[in-house]
Amino acid sequence: MANAGKKEISYADLQALLENSHGLFLVDVRSKEEVDKGSIQGSIHIPVDTVEDALALDPAEFMSKYGVTKPPLDAPEMVFYCQMGKRGGMATDKAHTLGYQKARNYSGGYREWSAKGGK
């Protein structure tokens, strides 16, 4: 599996996290129109242009807006994804800037996930 020092994870890494992790914080950074066509189960939608503001919210505001607990800065399993990897990478960089040093990007994106029949 990908280690915490890597900024990207593979399809196999993400599958393993989805199967074995109870603390995975999976973020879909695509547009609402893209998300409406399908997403990876268990992900929350935070558009890429709002990631920085979202992660800067205090925990109560984050919970109110997204319906989930805000991840701590040392969250071991925080993964961003988009359609093909670019926006997920941008979101990962923003998260790193805010102190989420273990944040990673699923570089294959939803395109690879759906093409491989992700479950």
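**Strand β2 and its neighbours, with a look at L98**

In this predicted model, strand β2 pairs with strand β3 (residues 44-45) in the parallel sense, with two bridges between them. Within that pairing, D28 of β2 has H45 as its bridge partner in β3. β2 also teams up with strand β4 (residues 78-81): the two run parallel and are joined by four bridges. Here V27 is matched with F80, its bridge partner in β4.

What about the side chains of β2 itself, which spans residues 25-28? F25 and V27 point one way, L26 and D28 point the other way, and all are buried. That pattern is no surprise, because side chains in a regular strand alternate between the two faces of the sheet.

D28 deserves a closer look. This β2 residue has a relative accessibility of 0%, so D28 counts as buried. Leaving aside residues up to four places away in sequence, D28 touches V35, S39, S43, I44, H45, I46, P47 and Y81. H45 thus turns up both in this contact list and as the bridge partner of D28 in β3.

Over to L98, which sits in the loop between α5 (86-97) and β5 (104-106). Is L98 buried or partly exposed? Its relative accessibility is 30%, and because buried means under 20% and exposed means over 50%, L98 counts as partly exposed. With residues up to four places away in sequence again set aside, L98 touches E52, L55 and L73. As for A60, 38 residues from L98 along the chain, the C-alpha atoms of the two are separated by 18 Å.

Key
Residues numbered from 1 in each chain as written. Predicted model: local features only at pLDDT ≥ 70, side-chain atom pairs only at ≥ 80, totals over all residues. Heavy atoms only, no water. Buried < 20%, exposed > 50% of the residue type's maximum accessible area, 1.4 Å probe, protein only. Contact = heavy atoms within 4.5 Å. Pairing = 2+ DSSP bridges.
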